[in-house]
Amino acid sequence: MTNSTPPILSVRNLTTSFRTERGWITAVDDVSFDLAPGETLGIVGESGCGKTVTSKSVMRLLPEHLSRIDARSRIFFRETNLAHAPEKVMRTIRGKRIAMIFQEPMTSLNPVFRIGWQIEEALRYHTELNSHERRDRIVEMLRLVEIPNPEKRIDEYPHQLSGGMRQRVMIAMALCCEPDVLIADEPTTALDVTIQAQILALMNQLKEKLGTAIILITHNLGVVAQVCDRVMVMYAGRAVESASVAEIFHHPRHPYTSALLASIPKAGGKHKGQRLHAIPGIVPSLFELPKGCRFQDRCDYKQQRCVDEEPDLIPHDIEDHPVRCHFPLPAKPTVNGRPIRPHPVP
């Protein structure tokens, strides 16, 4: 995003906590990012790093009796602060201005209602179209997401569609009101690689046609390389690095980002006879976070300062590349003493 382009979505100091039997626990801790019009931002990290909680906090879809957003958090959509907006305001924004594709289409679609009825729900609430106009709009959206014979499919139930088709229905549902921002939470999960490629290509085409800004949540860096403009890497509820896709792939500065890149299988048999790099250990429990850096127990570069002091997210070397690390990696990082080759960006 250039400095001359004002963000359509600006998140500042987002902190989201949940009520548990052991007290309040912070799942997203002081996360900030901007999203420009027509831009695709990838949020990556392992399961349990806070990606989905971040997206649901933006949409205000978390149960209010079990969660809370910190009073200093700001989620500006244009001029509206969504972090503490009344529910009446959120209802006018959800689905119309900001839409979301959920992770698992089979659990997101109601099995007892036809897909046409479920897509129509947003049109009934957010538009003044009559029933015939709504049906025409639904057929148009199904055709836009390349579902064959949409006039027939509109009256079918979710179980009559394949996984890829259900995911396309979710995309049609999210885009039927032409939102300004689309949040896609693992939109290619459980899909085979052919359907995954089709879904990603479709999202790119729709972004170009409608000008929609996209937040893509995924753990797959290969997907990020294909469709994203910028990347924010999250670990244990915090943003640890943020930069353009090219900068992340060619010059990762955080050891976690570098380790994620090193674990990607490469085509052409380059790993023949060698074990793939794996990050040791697991993401720490939010109930038992270490005192210093949250990645310290899995990091090959840990020093005493990492144990004693938690690092801040600070700019490093170049503009727009903040890193949360006391000892950011050099331009040619290594894992276990071996240099990591830059990862080509498709």
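The legends below accompany close-up views of a predicted model.

**Figure 1. Helices H4 and H5 cross at roughly 115°.**
Let's start with a pair of packed helices, H4 (residues 115-126) and H5 (residues 131-144), whose axes come within 10 Å. Angles of 65 to 115 degrees count as roughly perpendicular, so H4 is roughly perpendicular to H5. The crossing of these two helices is right-handed. On the H4 side, the residues that meet H5 are Ile-115, Gly-116, Ile-119, Glu-120, Leu-123 and Arg-124. Their partners in H5 are Arg-134, Arg-137, Ile-138 and Leu-142. Sorted by class, this contact has 5 nonpolar, 1 polar and 4 charged residues.

**Figure 2. A salt bridge within H4 joins Glu-120 and Arg-124.**
Staying with H4, have a look at the side chains of Glu-120 and Arg-124, which meet with an N to O distance of 3.3 Å. Both residues sit in this helix, 4 residues apart, or about one turn. Glu-120 and Arg-124 are also among the H4 residues that meet H5. Is each partner buried or exposed? Glu-120 counts as buried at 15% relative accessibility, while Arg-124, at 32%, counts as partly exposed.

**Figure 3. Arg-168 of H7 forms a salt bridge with Glu-146.**
Here the closest N and O atoms of Arg-168 and Glu-146 are 3.8 Å apart. Arg-168 belongs to helix H7 (residues 163-175) and Glu-146 to the loop between H5 and helix H6 (150-153), so the pair ties together parts that are 22 residues apart in sequence. Arg-168 is buried, with a relative accessible area of 5%, whereas Glu-146 is partly exposed, with 46%.

**Figure 4. Helices H7 and H8 cross at roughly 15°.**
The axes of H7 and helix H8 (residues 193-210) come within 11 Å. Because angles under 35 degrees count as roughly parallel, H7 is described as roughly parallel to H8. H7 passes H8 in a right-handed crossing. From H7, the contact takes in Gly-164, Gln-167, Arg-168, Ile-171 and Leu-175. H8 contributes Ile-195, Gln-198, Ile-199, Leu-202, Met-203, Leu-206 and Leu-210. By class, the residues where H7 and H8 meet are 8 nonpolar, 3 polar and 1 charged. You have already met Arg-168, the salt-bridge partner of Glu-146.

**Figure 5. Glu-87 pairs with Arg-94, and four other residues form a salt-bridge network.**
In one close-up, the side chains of Glu-87 and Arg-94 meet in a salt bridge, with N to O at 2.9 Å. Glu-87 counts as partly exposed at 28% relative accessibility. Arg-94 is buried, with a relative accessible area of 16%. Which residues make up the network of salt bridges? Asp-29, Arg-238, Arg-294 and Glu-310 are linked in it. Across the model, the count comes to 24 salt bridges.

**Figure 6. Leu-329 is a buried loop residue.**
Our last stop is the loop between strand E13 (318-324) and strand E14 (334-335), where Leu-329 lies. Its relative accessible area is 2%, so Leu-329 counts as buried. How far is the C-alpha atom of Leu-329 from that of His-254? These two C-alpha atoms are separated by 6.2 Å, although the residues are 75 residues apart along the chain.

Note on methods
Residues numbered from 1 in each chain as written. Predicted model: local features only at pLDDT ≥ 70, side-chain atom pairs only at ≥ 80, totals over all residues. Heavy atoms only, no water. Axes fitted to C-alpha atoms, helices over the stretch in contact; angles between N-to-C directions. Parallel < 35°, antiparallel > 145°, perpendicular 65-115°, else oblique. Left-handed = near helix turned anticlockwise from the far one by under 90°. Contact = heavy atoms within 4.5 Å. Nonpolar A, V, L, I, M, F, W, Y, C, P; charged D, E, K, R; others polar. Buried < 20%, exposed > 50% of the residue type's maximum accessible area, 1.4 Å probe, protein only.
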